[in-house]
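Subject: Structure handover

Hello,

Here is the structure you will be taking over. My notes follow below it.

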Amino acid sequence: MFLHGLITNPQWDWPTFFEYFTAPSILKALRTTLWLTLWGTVIGFALGTVLAAMRLSKSPLLQSVSWTYTWLFRSIPLIVNLLFWYNLAYLYPTLSIGIPFGPSFGSRETLDLFSPMTAAIIGLAVHQAAYSSEVMRSGLLAVDFGQREAAAALGIPRFRQFRRIVLPQAMRTILPTGANEVINLFKSTSVVYVMAIGELFYQVRVIYNRNGAVWALLMVATVWYLVLTTILSIIQYYVERHYARGAARQLPPTPLQRLRATFRNVADRARTDNEKTAAASAQAVAP
Amino acid sequence: MTATVDRARDDTRRGPLDVVDHPMVVVHDVRKSYGQHEVLHGIDLTIDHGEVAVVLGASGSGKSTLLRCINQLEKVNSGYIAIDGDIIGFRRSGNTLHELRERDVLRQRVHVGMVFQNFNLFPHLTALENVAEAPRSALGRSRREAEELARDFLGRVGLADRADDYPRRLSGGQQQRVAIARALAMEPKVMLFDEPTSALDPELVNEVLDVMKALAEAGTTMIVVTHETGFAREVADTVVFMDDGLIVESGTVEQIFDAPTQARTASFLAKVL
């Protein structure tokens, strides 16, 4: 019924959908969305990794700084966080670098430094860092302690132990939830519309407010979100497969390999069938 | 932290600090506690160059803790350990000993090879990468040098043809041999074995022991914690019997196995021989 309605109900307004689906303004907005996701992920996870390492360190100071950060930014709703960075200029019109209560080495207008785009990236990244630090921490904790001990016993330098021995093994645990976080962030970029940044959702709103084709344009956004989430999921599959090296006796086949294997089976069966019939007919002819 | 070790200073004339002709491993009055619970109550042990010492004892007697102290995986609470004349965990300037930072501890560990009960191979690296990793990152060898070295050492434990396999594809015995090659590739001054065959199926024990025997014959200094009394009889220069955090007695194979002087040694051996 629903599927039938999708095609026949004129309210869905498919012509408008197709008109806007690949419109330059939508594609440009899409690029902004991807840009926000990329930087949010990169900075968020980099900061998250540092926070996780701090939380797992022996220093009580680093531990509490990390804990406080996570506590704070998990408590603040993303939209509030974003608006804070967006409105920073009202709070501190100029920012300067210098010695506290001493001379200043230089100062800039906050508005110049924090364009809405920068503010959005910072907001998304600091928000994301609080969550990804927990994801990273769970992954790091899941690595057998004997691994770190063996690396230490061999005299492998600290940072190298982390990067070469612990992190790749932690990735197995990090990836499924980590990918969740990335996809979540990707969709959370739509919240950035409050800062009047031309990302996908903002652009869609602008257009349907103008032409009234609400459903068609919401579908444009939905389908793009679907397409990109699908792509992210496919990337996730291959990255997970990469980090499964050594963990499974045999890596799971890629979908392509699976497809080829199926074809090969069908072809093999067809060949043996042919041979059988050929042999049977040969026998039938023989006497 | 700065610690002045009076005893070490008194010993300088004949102790491990200045003497050139020193033993390979000196453990002097080492005590170790976990919280309130003391697990080593003052251990003294001297191992010479090329000596093979087998440490026997019931579980919980402190054997593994002793090995872990020698490798600085645990810090001793008092006493000291010297490897080839250098007190580990400390740097000496004048008559004062300064506690080393972790970076320098890592550098010292290079001289001590450790083989664990559970192998602790890196599962995401191939056998070759497992062996080549530390020569690259701790000794600064180039990738090609390290891999050549790794191939050489894998050959010595009879696994040249399994270089590109991941640990999970190897049997337990093969994994432990890779672990031995990994430790050997650092060319340590002393090799520590912490129950290297305890996690293995019985039929795989001998392939590991054979590798260890070959090492012993080649003159490697080894401290082996094991329950394999047959191995001890065959290769040990010294047998050390530990109980309840103390060395009860130590001596040659004949002294310990055939004529133990302590009742505790005799009753332990009666159970395992």
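**Chain A overall**

Among the contacts in chain A with a separation of 6 or more, 68% join residues 24 or more positions apart; contact means heavy atoms within 4.5 Å. This is a predicted model, so to speak of local features a pLDDT of at least 70 is needed, side-chain atom pairs count only at pLDDT 80 or more, and totals for chains, interfaces and linings use all residues. Residues are numbered from 1 along each chain as its sequence is written, chains are lettered from A and ligands numbered from 1 in the order in which they are written, and side-chain values use heavy atoms, with hydrogens and water left out.

Chain A has 13 helices and 2 strands. These are DSSP runs, numbered from the N terminus: helices are H or I with at least four residues, strands are E with at least two. Of the 287 residues in chain A, 39% are buried. Buried means under 20% relative accessible area, exposed means over 50%, and partly exposed is in between (1.4 Å probe, protein chains only). The exposed surface of chain A is about 17000 Å², with 66% of it supplied by carbon and sulfur atoms. Those areas come from the Shrake-Rupley method with a 1.4 Å probe; for residues, only the protein chains shown count as cover.

**A residue in helix 12 of chain A**

A:W224 sits in helix 12 of chain A. A:W224 is buried, at a relative accessible area of 14%. Beyond its neighbours within four places in sequence, A:W224 contacts A:F21, A:I26, A:L27, A:L30 and A:L200. A:T22 is 202 residues from A:W224 in sequence, yet their C-alpha atoms are 9.9 Å apart.

**The second largest pocket**

Helix 12 turns up again here. The second largest pocket has a volume of about 470 Å³. It has 20 lining residues, and A:T41, A:L175, A:G178, A:A179 and A:V182 lie nearest its centre. Helix 3 (24-55), helix 10 (158-188) and helix 12 (214-243) of chain A each give two or more residues to this lining. Helix 10 of chain A gives the most, with 8 residues. By class, the pocket lining has 14 nonpolar, 6 polar and no charged residues.

Some terms. On a 1 Å grid over the protein atoms alone, a cavity is a set of points where a 1.4 Å probe fits but cannot get out; a pocket is an open set with protein on both sides within 12 Å along at least five of seven lines; lining residues have an atom within 4 Å of a point. Grid points are joined across faces, edges and corners, and a volume is the space filled by probe spheres set on the points. Ala, Val, Leu, Ile, Met, Phe, Trp, Tyr, Cys and Pro count as nonpolar, Asp, Glu, Lys and Arg as charged, and the others, Gly among them, as polar.

**A cavity lined by both chains**

The whole structure holds 2 cavities of 30 Å³ or more. The second largest cavity has about 40 Å³ of space. Its lining is A:A150, A:A153, A:L154, B:M114, B:F116, B:A179, B:R182 and B:A183. Helix 9 (145-153) of chain A and helix 6 (172-184) of chain B each supply at least two of these residues. Helix 6 of chain B gives the most, with 3 residues. The cavity lining has 7 nonpolar, no polar and 1 charged residues.

B:N71 lies in the loop between helix 2 (63-70) and strand 5 (78-83) of chain B. B:N71 is buried, with a relative accessible area of 1%. Outside its neighbours within four places in sequence, B:N71 is in contact with A:A153, B:R109, B:V112, B:M114 and B:L192.

**Strands in chain B**

Strand 12 (residues 238-243) of chain B has 5 of its 6 residues buried, so the rest of the structure largely encloses it. Strand 12 pairs with strand 4 (residues 52-56) of chain B in the parallel sense, over 4 bridges. Two strands pair if DSSP finds at least two bridges between them. B:V55 is opposite B:V240. Strand 12 also runs antiparallel to strand 13 (residues 246-251) of chain B, joined by 5 bridges. These two strands form a hairpin with 2 residues between them, and B:D244 in the turn has a positive phi of about 50°.
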